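Q: Please take a close look at the pockets of this protein, and above all at what lines them.

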Amino acid sequence: MREISHTRQLRHAGFIDPGRAENLLAEPVLHKLDITRYIEEFSAVSDPDQCLLALIRLGENCADQGRYDVLHDLISDLGPRSALFALLGMSSALGDFLISHTGQLDAVLSSFRTDSNTEASEERFGIPPVSLASEREVALRAVGGDPASITPVARLSGAAGVNAMRVTYLTRVCTLAAADLTSTDVLGAMPLVGAAMSDIVGGALDAALAVARAEVPGSERVGLTVIAMGKTGARELNYISDVDVVYVARSLEIDGEEPLPEAEMLAIATKLAAAIGKAVSAPAGEPGLWILDAALRPEGKDGPLVRTLESHVAYYERWAKGWEFQALLKARPIAGDLELGAAYLEALWPLVWTAAGRENFVEDSRAMRRRVEDHVPAREENRQLKLGKGGLRDVEFTVQLLQLVHGRADQTLRVRSTLEALAALRDGGYVARNDALALDHDYRLLRTLEHRIQLQRLRRSHLVPTNTTELRRIARSMHTDGITTEAELEEVWQSTRRQVRGLHQEIYYRPLLPEAARLSADDISLNFDAAIARLAATGYRDPVGALNHIRALTAGVSRTAAIQRQLLPVMIGWFAQGPEPDNGLLTFRVLSEKMGRTSWYMRTLRDGGAAAERLCTILSSSRYLADQIPSLPESVNWLVETGDLLPLTREQLDLELDSLIGRRNGASEIAAAGRYLRRREMLRAGMGQTLRIVNSVDSRAAVSHAADIALDAALQAATLAACQKLETEPLSRYLIVAMGRLGGEEMGYASDADILFVHDPLPDVDPEAAQRLALEIAAQVKALLQELGPQPPLPVDFDLRPEGRQGMLTRTLASYAEYYERWAQTWERQSLLRARPCAGDADLAASFVALIDPYRYPADGLSDSEALEILRIKARVETERMPRGVSPHHHLKLGRGGLSDVEWTAQLIQLKHAGKCAKLRTTSTLGALDAAASAGIISEADAEQLATAWNLASEIRDANFLGTGRSSSSKIDVLPHNLLDLAVVSSLLGHDVSSRHDIEEEYLRASRRSRAVVERVFYGK
């Protein structure tokens, strides 16, 4: 029973093969070390089986080399024991190093002793404090170099020096890895591990340089600095990675001697640089450490390995490309002549922050990122931790691009480390707090996973393995995010990839970035003189007033002001692309002040793709929308996705109305719900039309449906109010019939709602009582729709009812039947062509349509006298209703070839032919013209001429309303002649502001052609 219990204990500790482990524990060396006492501690080890085998080899080597007591002493202490177990269980490479270099055990593990003199407060997350200076001293002393010397020379030269340098390096890595693997917060420790690795590399490079100086004659007269690039420069290095460097050299004055000639000095420096590369990677008694990669130097591999500082400066000032400045973002002197390194940074660091102003910088950066993705082999795509989609490069490229674009004006962004830069971007408002928090966590997790992958064999790898044993070992070493098994590791990694990719695409591809990059530093900083000049040059009529708005928006230290300082330098240009930039900026200020510090508003403008640019276009193009958006600010959210600007269907509106009514009491509140939906959908349609996302036909249908929903709500509210007033239940079925442009679903933004009201008394109801109640409901509908309040009124017109203004507001279905049968005039039958039930009882609607169809679609068409009557009425309308002082060529509705001409022509065709041609039975003007052409009644060319003129006139009317916000028919029904109004209309119709007169010419041409068709088809000339 005891043996079985022990086996279970081993299995619980994580041993894959407990039986084998049981046998191994009986090995003499482990028995003497009393390892069985510590079985439970193996549960914290990545690979207990590997650890146990390594302990046997280590114990045997220690015994052979007389260091068994040292090992026994270390294992007896909890701290060194935990560190050793963690190291051997995770890294076979570092385990092999310790087994073959048992003399380094105490150096690696002594700092973990529980009685160590190191104060706990000096360590963060279990990582001992490390600095470049301390690592340089350790490494130089290992090769016999003097850390106090400017040009230290190693006493251990050749292979002895190289081996000593490599052993010291790996010893330091072992100590760091042990601390990392036993850290209580591995994600918190990650940046400290990267910084420590970079400094350890810096120490090794200084030692390698000292060894090189011992072999290169004249080297004491040459100052050589090693500039670290990439992750090494940013102090975020992996355990194993190529180390990117650039070499800079100068002549040193020794004992008053003349400096070496530049050519001779560079020759010696080049030998030193080459010797450093061999020292760290060429074959020797100890394994090579990593590759020194100098490909980021000027001219790349084709350029000289070493240059003077002056040569570097000349290259970057004249020939360097954008990506080379992006690489300089991480540059940091790491070894050698640090004074020269400081001069290098002083000269080149400012140039980094001019790079984003280069032509197509952002576009080139994005293209480079896409090329990196495209070059990932297909077999690696789903396992790539670094280069693939959702990998480390996504975070790094995102952060660096934001740094370079915004760092020109904001010096807080001028840092090297990815995480430090991300924090600065967060604090400066360039990245949302939640997004920055997510990217910070994800980057730490991905880098920690990268470290664990590389620690196993100390090989440069960025692929997440598929081998189950390797995945298990990595999972057990992560100690974060609930990762303990390979399945949990896979799940967390994949979810992290998805989140990183989403944030990368959202932030990295912001439309704001290329626009910001094109601005000068003065423009970005909103320098007074530069801002005034730019505002005046780009079309602002009152530059001083505009700058006052900008200053009001950007004043203070709030996060909102910080984001405004990012947005406005770019938005100024976007406003200027519209016809009224001053009004756009003013309205933006009103909107922003109303929103205050509402978090989603500023976040939407900064992170919402093209939302900010779309808002600028709208506010500088449409006074109506500029007035409406601040009163319905949630509409800004629609600008993120174009799908949100598409009109809702009537079915969607019905469902929403039902939901709103369910939460409201009283007739006024119910009617207001419908008017609110109408207002909101008119705003949506206007925004979509202004941005050219919604065409004019769909926008008119949307405006019509918005009126329908307001009428529907008003009918329900009026029925409730009237029944309460007369203390009765509904006595009829009720119906509202849309007429005119509303009936044709061609309503303009400023159109009244032409309607008929129909009721049909219920069985066994007093007809007079039903009529009284119906009249009260009809009156209430009109009153509720025109009631003053926060929602705009909808003017309704009952004038198309039987007997016009003299007739009753409502009739029964039977009364309508009698009237149309006995007294309906031709013009009344003509008006029925657009009759469309829009609210009320569905069965009554079907009955009403069945009633009027024979009158509007007469089987025998029109008699000659009826046709002549229509011609006479049309001629009288042209002469009597045309406003005085308005040219008949410029009036969009009543003018020659305008809306009225086309509509009467289409309606005459319907009255003549719809009785026999079912295609003509439509309430839509354009639909009727299309049907007439397809039936051969008119030519396709004539139909196209009529439709073009009608559609253009309708679009200009809409643009008149949207642009000016004026609803008076005397304003919107006339082709504008004022230059500003023409510019507004031109912009809203998708033309360049400079081509404003083209709109006038285009309409006059279209209406002239339309009138010619009307003369032939309608008047028969």
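Which helix gives the most to the lining of the largest pocket?

A: The model is predicted, and the description below applies to it as such. Helix H41 gives the most to the lining of the largest pocket, contributing five residues. This helix spans 899-913, and it is one of several that each supply at least two lining residues. The others are H35 (740-743), H38 (826-831), H40 (864-880) and H44 (969-972).

The space that these helices help to line amounts to about 1200 Å³. In total, 34 residues line the largest pocket, and those closest to its centre are Gly740, Asp754, Leu800, Arg881 and Lys893. Sorted by class, the lining of the largest pocket holds 14 charged residues, together with ten polar and ten nonpolar ones.

The second largest pocket may be described in the same order. Its volume is about 880 Å³. Here H18 (392-406) gives the most to the lining, with four residues. Helices H12 (230-233), H15 (322-328) and H17 (361-374) also supply at least two residues each to the lining of the second largest pocket. The residues that line this pocket number 26, and Asp244, Leu296, Lys386, Arg393 and Phe397 lie nearest its centre. By class, the lining of the second largest pocket is made up of eleven charged, nine nonpolar and six polar residues.

To return to the request, the helix to examine in the largest pocket is H41, with its five lining residues.

Note on methods:
Residues numbered from 1 in each chain as written. Predicted model: local features only at pLDDT ≥ 70, side-chain atom pairs only at ≥ 80, totals over all residues. Heavy atoms only, no water. 1 Å grid on protein atoms, 1.4 Å probe; cavity = no way out; pocket = protein on both sides within 12 Å on 5 of 7 lines; lining within 4 Å. Points joined across faces, edges and corners; volume = space filled by probe spheres on them. Nonpolar A, V, L, I, M, F, W, Y, C, P; charged D, E, K, R; others polar.
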